[in-house]
Amino acid sequence: MRIGYGWDSHEFKRGVRLKIGGVEIAHDKGLGGHSDGDVLLHAITDALLGAVAAPDIGTLFSPSDARWKGADSAVFLAEALRRVKSAGYKIVNIDSTLILASPKIGPVSATIRESVSNLTSVSSDCIGIKAKTPEGMGTDNAAIAHAVVLLEPVAKPAHSKSRKKSRA
Ligand SMILES: [Zn+2]
């Protein structure tokens, strides 16, 4: 099995749409960044890349590359999923924690979980979306995301022991 860990942070900015986990959330500020600033998808993407020892998100999708200006972070996640698959693994579960002063994530956490489930093809009961406020951290103008993923090897379809056993 493989474990992967990812971390990301973005600063809140006015005049930007807030997107977390692929979900657009009504708020007076969004997250600045070269792409759409989706802090949760970036953390999950880095966790997946790390689990298969691939280069990190900033190396694969350089902020200095004009192609990724305003990019939908689902594109980055799709590339990480492609690398996980080609390495011969599949996702067992994803857990994450968001740390932000506002908006409240509770009312939208189920929607975010469904979105991450759709983007990763992982059942929503294997996706954890938790949120905390940054008590005493002085990071009220930022959103932070931590994510861990567990991968297991994809079973080889032919010549497996279980297949031989079922034939016997
Ligand atoms: Zn990011």
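Student: Which residue stands opposite leucine 98 in β7?

Tutor: Alanine 145 does. Keep in mind that this is a predicted model. Leucine 98 also stands opposite alanine 131 in β6.

Student: What makes β5 and β7 a strand pair?

Tutor: Two strands pair when at least two bridges are found between them. β5 and β7 have ten bridges, in the antiparallel sense, so they pass that cut-off. Aspartate 95 is another residue with a partner in β7, namely valine 148.

Student: How do you know that β5 and β6 pair, and which way do they run?

Tutor: Strand β5 (residues 89-99) is joined to β6 by six bridges, and the two run parallel. The cut-off is at least two bridges, so β5 and β6 count as a pair. Isoleucine 94 stands opposite isoleucine 127 in β6.

Student: And what joins β1 to β7?

Tutor: Ten bridges, with the strands running antiparallel. Glutamate 11 faces alanine 142 in β7 there, standing opposite it.

Student: Why is the pairing in this sheet called mixed?

Tutor: Look at the pairs we just went through. β5 and β6 run parallel, while β5 and β7 pair in the antiparallel sense. The five strands form an open sheet, in the order β4-β1-β7-β5-β6.

Student: What makes a strand of this sheet an edge strand, and which ones are they?

Tutor: An edge strand here pairs on one side only, and that goes for β4 (29-31) and β6 (127-132). On average, neighbouring strands of this sheet are turned by 20 degrees against each other, direction ignored.

Student: Which helices lie across β5 and β6?

Tutor: Helix α1 (residues 39-51) lies across β1 (2-14), β4, β5, β6 and β7 (142-153), and runs at about 155 degrees to β1. Helix α4 (residues 109-120) lies across β5 and β6, at about 140 degrees to β6.

Student: Why is threonine 120 called buried?

Tutor: Its relative accessible area is 7%. Buried means under 20%, so threonine 120 qualifies. This residue lies in helix α4. Beyond its neighbours within four places in sequence, threonine 120 is in contact with Leu77, Leu81, Ile91, Ile94 and Ile127.

Student: Is histidine 42 buried or exposed, and how do you know?

Tutor: Buried: histidine 42 comes out at 7% relative accessibility, and the cut-off is under 20%. Histidine 42 lies in helix α1. Not counting residues up to four places away in sequence, histidine 42 touches Asp8, His10, Ser35, Asp36, Gly37, Ile57, Ser73 and Phe76.

Student: Which residues lie nearest the centre of the largest pocket?

Tutor: Histidine 42 is one of them, along with His34, Ser35, Phe61 and Pro63, out of 13 lining residues. β1 and α2 (57-60) are the elements that give two or more residues to that lining.

Student: How much space lies in the largest pocket, and how would anyone know?

Tutor: About 200 Å³. Rolling a probe the size of a water molecule over the atoms shows where empty space is left.

Student: How do the residues of the lining of the largest pocket divide?

Tutor: Seven are polar, five nonpolar and one charged. Histidine and serine are not on the nonpolar or charged lists, so they count as polar.

Student: What makes isoleucine 20 a buried residue?

Tutor: Its relative accessible area is 0%, and anything under 20% counts as buried. Isoleucine 20 is found in strand β2 (residues 18-20). With neighbours within four places in sequence left aside, isoleucine 20 is in contact with Ile25, Leu31, Asp38, Leu40, Leu98, Leu100, Ile105 and Ile112. That list takes us back to Leu98.

Student: How far is isoleucine 20 from serine 9?

Tutor: They are 12 Å apart in space, C-alpha to C-alpha, and eleven residues apart in sequence.

Student: How many of the residues of the protein chain count as buried?

Tutor: 44% of the 168 residues.

Student: And how many helices and strands does the protein chain have?

Tutor: Five helices and seven strands. From the N terminus on, the elements run β-β-β-β-α-α-α-β-α-β-β-α. The C-alpha trace spans about 65 × 35 × 25 Å along its principal axes.

Student: What share of the contacts with a separation of 6 or more comes from residues 24 or more positions apart?

Tutor: In the protein chain, 72% of them.

Methods
Residues are numbered from 1 along each chain as its sequence is written. This is a predicted model: local features need pLDDT of at least 70, side-chain atom pairs count only at pLDDT 80 or more; totals for chains, interfaces and linings use all residues. Side-chain values use heavy atoms; hydrogens and water are left out. Helices (H or I, at least four residues) and strands (E, at least two) are DSSP runs, numbered from the N terminus. Buried means under 20% relative accessible area, exposed over 50%, partly exposed in between (1.4 Å probe, protein chains only). Contact means heavy atoms within 4.5 Å. Axes are lines fitted to C-alpha atoms, for helices over the stretch in contact, and angles run from 0 to 180 degrees between N-to-C directions. On a 1 Å grid over the protein atoms alone, a cavity is a set of points where a 1.4 Å probe fits but cannot get out, and a pocket is an open set with protein on both sides within 12 Å along at least five of seven lines; lining residues have an atom within 4 Å of a point. Grid points are joined across faces, edges and corners, and a volume is the space filled by probe spheres set on the points.
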